[in-house]
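New to this one? Take a look at the sequence and the model, then read on for a quick tour.

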Amino acid sequence: MKKTWFLNFSLFFLQIFTSSNALDVTQFGAVGDGVTDDSQAFLKAWEAVCSGTGDGQFVVPAGMTFMLQPLKFQGSCKSTPVFVQMLGKLVAPSKGNWKGDKDQWILFTDIEGLVIEGDGEINGQGSSWWEHKGSRPTALKFRSCNNLRLSGLTHLDSPMAHIHISECNYVTISSLRINAPESSPNTDGIDVGASSNVVIQDCIIATGDDCIAINSGTSNIHISGIDCGPGHGISIGSLGKDGETATVENVCVQNCNFRGTMNGARIKTWQGGSGYARMITFNGITLDNVENPIIIDQFYNGGDSDNAKDRKSSAVEVSKVVFSNFIGTSKSEYGVDFRCSERVPCTEIFLRDMKIETASSGSGQVAQGQCLNVRGASTIAVPGLECLELSTDMFSSAQLLEQTCMSAQSVQPRTTTQPMQDPIWVFQSRGKQLRVYNIAILVSFISLVTYILAR
C-alpha cells in the first residue's frame, strides 16, 4: 500500500513539472478516416491553440489520415512559439473534389515562431492535376512566418511545388523527404522567395522539377546535405521574367549529391530583366550521371534557351560565383556550360578543384566545357574553359566566398523567442502528454521510483 501511494505521488509530481495541455485535432471533431472532410475540426483546433489554449501545441495524432480541403492557418498568435506535432497523415482532395483556393492547399501566414515537426506525411494527391494546363496549387506555403522551423516530415505528390517559403526571415528546414515522379510537371521540392537567413539541410528530394529553387528577393541562404534526384538540380532562379528586377545574394550550397538529375548547380535568368545574382558558392558537389552538371544561362526561356530572342537586351547581372570541389560524371559531353549576355556578361566566375567525366564513355573521358561572354578564372578544373584565365591571382574574392560558405552556421532567430526545444522524453495518448525537457527532472523521477519499488 505504501509503495502504491509513493508511486502515485511520484507520477503526480512528474505531471506537475512536465505535463502538457497539447490540443489534439480529434478533440475538435476530426475523424481521421481519410475520407471525411476534417477541415473545420483543424481550423477550430488552430483557433484554440493560436488564442493561447493548449500550451501553444497542436497535435496531429499518429495512425490516422485526415482529408483536408484548402486551409489557411492565420496568425498572429498569442502563443509563441506555436508547436505543430505532425504524427499522422494529411491528404488533399483530388482535383475533381477540390473546393476553394487553387493557389495553395495549406497556407500558414503571419505566425511568429512556428515549429512543425514529426514523422507524419503530407500527400498532395497531385496525379489528378498534372495533366491540367491551368493553375495548380502548391501543397504547403508559408508566408510572413519569421523564426520558422520545419523538420522530419514526408511530402508526396504535390500538384505543383511541394513547399513554398515567401517573406519569411530566419527559417530552418531539415530532415525532410520529398517525393514525386520524375515525369510530374513543376513539382519543385522547396521554393524560396523574398526571404532571408534560411537554412535547408539534410533532405532527400526526388521530383519532376528543381529540388530547390532560390528566387528573387532572397539573401543569406545556406543549403547543405541535400540528396537530389531525380529532378532539375538546385537552381538560382529563374530570375528577371517579364522585365522583373531581381535580387539574390549570399547563397551557399555545399556537400550535396545529384543523382540522375537534368541539372546540377544552375543559375537561370531571362533576357530583359535587371538586378543581380551575386556572391553564390557551390562547393563539395558529387555528380552521378547528371545531364548539365554546371550551368549559367542568361538566355533562359522557359527551358528553351536556343530560341531566346533579343540577346542584346538587358539582363540580370551574374557575378562573384564560385564552383569548387565538384567530382563525378556528366550524362552529356558538356560538364560546364556558361551562356551569358553580351550586354551584361557574367563576371568574377571561378572554377576550382573539379573533375567531371562523361558517364557514357566508360573510360574516364573528360567532359567538355563551353562558354559565352564570361570573365573569371579557373585552376585545377576539369574541364577547363578557354574563356577563364588559368590563374591563381584572381582567387582572393573566390576564397573569401568559400570561407564564408564553409564557416556558415545554422540560422538563429534574432528575437528572444526560441522555437520549442525537443523533449528528451515524451509519453502521449491522444493529446494528453508528459513532455520532459530537463534531464535532471527525469533522472530524479526515475531514481525516486526505483528507490520506492526496491524497498
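## What it's built from

Start with the tally: this protein has 4 helices and 36 strands. Keep in mind that you're looking at a predicted model.

## The open sheet

Now pick out one sheet in particular. It is an open one made of 11 strands with parallel pairing, and if you walk across it you meet β6, β9, β12, β15, β18, β21, β24, β26, β28, β30 and β32 in that order. The two edges are held by β6 (71-74) and β32 (368-372); each has a single partner strand, so one side of each has no neighbour in the sheet. On average, neighbouring strands here are turned by 15° against each other, if you ignore direction.

## Zooming in on a pair and a helix

For a closer look, try β12 and β15. Residues 138-143 make up β12 and residues 163-166 make up β15, and the two pair in the parallel sense over 4 bridges. Want a spot to click on? Lys-141 has His-164 in β15 as its bridge partner.

Back at the edge strand β6, there's a helix to find. Helix α2, covering residues 39-50, lies across β6 and β9 (104-109), and runs at about 5° to β6.

## Inside and outside

How much of the protein is buried? Of its 455 residues, 54% are. Contacts tell a story about the chain, too: among those in the protein with a separation of 6 or more, 76% are between residues 24 or more positions apart.

As for the outside, the accessible surface adds up to about 19,500 Å², and carbon and sulfur atoms account for 49% of that.

Key. Residues numbered from 1 in each chain as written. Predicted model: local features only at pLDDT ≥ 70, side-chain atom pairs only at ≥ 80, totals over all residues. Heavy atoms only, no water. Pairing = 2+ DSSP bridges. Axes fitted to C-alpha atoms, helices over the stretch in contact; angles between N-to-C directions. Contact = heavy atoms within 4.5 Å. Buried < 20%, exposed > 50% of the residue type's maximum accessible area, 1.4 Å probe, protein only. Areas by Shrake-Rupley, 256 points an atom, 1.4 Å probe, with all protein chains shown as cover.
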